[in-house]
Amino acid sequence: MKILYSISISGFGGILMKVGILALLISGDGYSQTFLNGSFESTSVVGDQINMTSSAFNVAMANTYSFGSLGDMDIITSSTWGPPQLGSWYVGLTGGGTDIITMKLAAPLVTGTTYTIKFWDRGYSVFPVFPVQLGLSTTNTTVGTPIYTGPTPTLGTWNQRVATFIAPNNGQYISVLMPIGSTGNWVNVDNFTFATPLPVELISFTGKNLNSINNLEWETASEINNDFFSIERSIDGDTFENIGMVSGQGTTSQKSSYYFQDRNVFSDKYYYRLKQVDYNGDLKYSKIILIENKSTVCNCGVYSEDGNTVYTLSCTNLNNVALILYDINGKKLQSFENISDSKFVIIDLNPYKNGIYILKIIGIDKIETVKLLKK
C-alpha cells in the first residue's frame, strides 16, 4: 500500500486556494485482449471425442494445445455428457496434470498490467473434482506462471469464474489444468473471455462540511488511462467552475481513494461534481452532490429596509467575532473592525454593482456565511 501527499495551488476568482490532497492507492481491468478460440467453437471434429491423445486434440482444436502427462482430452458437443455452457462445444480435462491445455491469445500480455479473464467450469465425475488453475506462459507447451486458482467446481452445474491478475510476463498463452487429482477426476471448461475494461469505475463520491471546510472524498474500483480529476463547484447547481485538480493513477488494478479540501467556503451551500479526463482528452462527469454549512456562531439575523441595498446585521453577541464581505467570486471587499461593543452592524452595498455578496461571520471555533443580494 502506498500513500502519496501533494499540495496544489489553484486560482479561483482572484484568490489563491491552498488545497491539501491525500491519495490513498490501494485495485480493475487492464488493456483489451482476446482469446483466438476461447469458446472452443473452432474445431474440426464431428460429434463427441472422448479420451483423445494430445496430438489428436492439437490437430482438431484451433489455437489450443494439449501436453498433459497422459493425454486424455475430450471435445464434447452432445447432451450425453452434459450440454455446453453456451454455443456447441466445450472441453473436458482430467486432473493431476494428466490433461493440460494452453490457449493462444491475439497478442502477448503486457508485464505488470492488470487483466480480468472470465470463464465457466463444471464438475463431471462420481469422484471429487478440484479447482481449476490458470497460468500465463510464453510457450504453448508449458504451464508458465500460475495466475489464478478458482473455487471447487460444482458437479453438473456451470459456474462463471472471474480471474483478475497482474501479468507476470509477456506470455501469449493461458494454460488451463486441474493440478490435483487423476484421470478419475474430470472437469469441463468453456467460454474464456477477457473482460472489457471501464476507463474509470467510480464507486462513490461524497462530501461534508467540517469547521467551515468542505471535504470531498471519492473512490474508484479501477482506472485506465486516467490523467486527472477536475473538482468543480457551483452556487446554484447549474453553472460550475473549476476549483482544483487531483492527478489520476493512469492505469491501475488497485482500488483508489481520493480526498480534496475546499477551504474557500463563502456560502452556506455548494454543489460539487468531478470531471474525469483521460490522457487522450476524453472526459466524463460524476453525479452532483450538495454540501451545506448549517453552523451558527452568534445568533445573527440580517434584514434590509431599503430594497436590498443597505443591510443591518443584528446579533445577540458580537464579542470575538470578525466580519468580512466578499463578492460571489471570493474577492474580499470589506472587513468590519471594532464591533465587539455593538449589537448592530450596517453593511452598505451602494458602492458595488448589482449581484450576490457573501458576508462571512467568523467566530472563535465556527464560521457562518450569509448571502446578501443587491438589485
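In this predicted model, Val132 lies in the loop that runs between strand 8 and strand 9. Val132 is buried, because its relative accessible area is 0% and the limit for burial is under 20%. Apart from neighbours within four places in sequence, the contacts of Val132 include Phe119 and Asp121, and also Tyr148, Thr149, Gly150 and Pro153. Val176, Leu177, Val187 and Val189 are in contact with Val132 as well. The C-alpha atom of Val132 is separated by 9.7 Å from that of Arg161, a residue 29 places away along the chain.

Strand 9 (residues 133–137) has five of its five residues buried, and is therefore largely enclosed by the rest of the structure. In a regular strand the side chains alternate between the two faces of the sheet. For strand 9, both faces are covered: Gln133, Gly135 and Ser137 are buried on one side, and Leu134 and Leu136 are buried on the other. Strand 9 is joined to strand 10 (residues 145–149) by four bridges, and the two run antiparallel. In this pairing, Leu136 stands opposite Thr145 of strand 10. Strand 9 is also joined to strand 12 (residues 173–177), here by five bridges and again in the antiparallel sense. Val176 of strand 12 is the bridge partner of Leu134, and Val176 is also one of the residues in contact with Val132.

Strand 12 pairs in addition with strand 7, antiparallel and over five bridges. Ile100 stands opposite Leu177 of strand 12. Strand 7 (residues 100–104) is mostly covered, with four of its five residues buried. Strand 7 is further joined by three bridges to strand 4 (residues 64–66), and these two strands run antiparallel. Within that pairing, the bridge partner of Thr64 is Met103 in strand 7.

The structure holds four salt bridges. Side chains of opposite charge can pair when their charged atoms come close. One of the salt bridges is formed by Arg161 and Asp121, whose closest N and O atoms are 3.1 Å apart. This pair links distant parts of the chain, with Arg161 in strand 11 (residues 159–166) and Asp121 in strand 8 (residues 114–123), 40 residues apart. Arg161 is buried at a relative accessible area of 11%, and Asp121 also counts as buried, at 1% relative accessibility. Asp121 is in addition among the contacts of Val132.

Another salt bridge joins Arg273 to Glu232, with the closest N and O atoms 2.7 Å apart. Here too distant parts of the chain are linked: Arg273 belongs to strand 18 (residues 269–278) and Glu232 to strand 15 (residues 213–234), a separation of 41 residues. Arg273 and Glu232 are both buried. A network of salt bridges links Glu232, Arg273 and Lys275.

Asp262 forms a salt bridge with Arg233, and the closest N and O atoms of this pair are 2.6 Å apart. The two residues are 29 apart in the chain, Asp262 in strand 17 (residues 256–262) and Arg233 in strand 15, so that distant parts of the chain are linked. Asp262 is buried, with a relative accessible area of 0%, and Arg233 is buried at 3%.

Further along the chain, an open sheet of four strands has the order 24-23-26-27, with antiparallel pairing. Strand 24 (332–336) and strand 27 (367–374) are the edge strands, each pairing on one side only. Neighbouring strands of this sheet are turned against each other by 20 degrees on average, direction ignored. Strands of a sheet pair through backbone hydrogen bonds, either parallel or antiparallel. Strand 23 (residues 322–327) and strand 26 (residues 355–362) pair in the antiparallel sense over six bridges. In strand 26, Lys360 is the bridge partner of Ile324.

A nonpolar patch on the surface is formed by Ile328, Ile356 and Leu373, which together have about 200 Å² of accessible area. Ile328 lies in the loop between strand 23 and strand 24. Its relative accessible area is 34%, so Ile328 is partly exposed, a class that falls between the limits of 20% and 50%.

Note on methods:
Residues are numbered from 1 along each chain as its sequence is written. This is a predicted model: local features need pLDDT of at least 70, side-chain atom pairs count only at pLDDT 80 or more; totals for chains, interfaces and linings use all residues. Side-chain values use heavy atoms; hydrogens and water are left out. Two strands pair if DSSP finds at least two bridges between them. Axes are lines fitted to C-alpha atoms, for helices over the stretch in contact, and angles run from 0 to 180 degrees between N-to-C directions. Buried means under 20% relative accessible area, exposed over 50%, partly exposed in between (1.4 Å probe, protein chains only). A salt bridge is a side-chain nitrogen of Lys or Arg within 4 Å of a carboxyl oxygen of Asp or Glu. Patches are made of residues with over 30% relative accessible area and no salt bridge: like charges are joined within 9 Å, nonpolar side chains (Val, Leu, Ile, Met, Phe, Trp, Tyr) within 5 Å. Accessible areas come from the Shrake-Rupley method with a 1.4 Å probe; for residues, only the protein chains shown count as cover. Contact means heavy atoms within 4.5 Å.
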